[in-house]
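I set out to record what I looked up in this structure, entry by entry. The topics are charged pairs, pockets and surface.

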Amino acid sequence: MDPGIVAARELRKDREIAAAACIPVREIEAWMLPDREVFRALGGAEVQLPRDPEREIDPKLTLRRLLAEARLRIPPEDLYRFFGERVRLDVLASLPAFCAFRDELTAALRGLASSR
């Protein structure tokens, strides 16, 4: 369990705290790497995506390399929005860390809903 969640629950033992761990930055970039259609929509670029994005040592570097190879220049804030709006959830569902996050977030939301 995430140390921050444990600490919050220790501080507020008088109430139940539903929480999901924060998304590590490394996963955010890894989650931008599995969907070939997003890269096509970005500029029609055909890129060689990593087989297992969550195993990339430095997914941020991999993303920059892929964009450079495709000769795509896009400001980071636009890049994150572009990918976030277009990445397909069924593609993300093939990634174990994404599924773990999704399940943890779903459980936290259900806990919040049932506590009302």
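Entry 1. I began with Arg-102, which counts as partly exposed at 34% relative accessibility. The model is predicted, and I read every value below with that in mind. I then looked up the salt-bridge partner of Arg-102 and found Asp-103, with the closest N and O atoms 3.1 Å apart. Asp-103 has a relative accessibility of 43% and therefore counts as partly exposed.

Entry 2. I next asked which residues are joined into one network by salt bridges that share partners. I found Arg-36, Glu-37, Arg-40 and Glu-46. The structure holds 11 salt bridges, and I examined two pairs among the residues of this network.

Entry 3. The pair I took up here was Glu-46 and Arg-36, whose closest N and O atoms are 3.6 Å apart. I located Glu-46 in the loop between helix H3 (36-43) and H4, and Arg-36 in helix H3, so this salt bridge ties together parts that are 10 residues apart in sequence. I also checked how open each partner is. Glu-46 counts as exposed because its relative accessibility is 57%, over the 50% cut-off. Arg-36, at 26%, counts as partly exposed.

Entry 4. I then turned to Glu-37 and Arg-40, whose side chains meet in a salt bridge at 2.4 Å, N to O. Both residues lie in helix H3, 3 residues apart, which I noted as about one turn of the helix. Glu-37 is partly exposed with a relative accessible area of 38%, and Arg-40 is partly exposed with 32%. I added a general remark: side chains of opposite charge can pair when their charged atoms come close.

Entry 5. I moved on to empty space. How much space lies in the largest pocket? I recorded about 260 Å³. Of the 13 residues that line this pocket, I listed those closest to its centre as Leu-63, Arg-64, Leu-67, Ile-74 and Leu-79. Helix H4 (59-69) and helix H5 (76-86) each supply at least two residues of the lining. The largest share, 5 residues, comes from H4. I sorted the lining of the largest pocket by residue class and obtained 8 nonpolar, no polar and 5 charged residues.

Entry 6. I looked up the second largest pocket and noted a volume of about 160 Å³. Its lining consists of Ile-28, Trp-31, Met-32, Tyr-80, Phe-83, Gly-84, Val-87, Leu-92 and Phe-98. Which helix gives the most to this lining? I found H5, with 3 residues. By class, the lining of the second largest pocket divides into 8 nonpolar residues, 1 polar residue and no charged residue. The polar entry is Gly-84, because Gly is counted among the polar residues in this scheme.

Entry 7. I finished at the surface, where I looked for a nonpolar patch. Leu-105, Leu-109 and Leu-112 make one of about 260 Å². I placed Leu-105 in helix H7 (residues 96-114). Leu-105 is partly exposed, with a relative accessible area of 34%. I noted that this value is over the 30% cut-off, so Leu-105 passes the accessibility condition for patch residues.

Notes:
Residues numbered from 1 in each chain as written. Predicted model: local features only at pLDDT ≥ 70, side-chain atom pairs only at ≥ 80, totals over all residues. Heavy atoms only, no water. 1 Å grid on protein atoms, 1.4 Å probe; cavity = no way out; pocket = protein on both sides within 12 Å on 5 of 7 lines; lining within 4 Å. Points joined across faces, edges and corners; volume = space filled by probe spheres on them. Helix = DSSP H or I, 4+ residues; strand = E, 2+ residues; numbered from the N terminus. Salt bridge = Lys/Arg side-chain N within 4 Å of Asp/Glu carboxyl O. Buried < 20%, exposed > 50% of the residue type's maximum accessible area, 1.4 Å probe, protein only. Patch = residues over 30% accessible without salt bridge, like charges linked within 9 Å, V, L, I, M, F, W, Y side chains within 5 Å. Areas by Shrake-Rupley, 256 points an atom, 1.4 Å probe, with all protein chains shown as cover.
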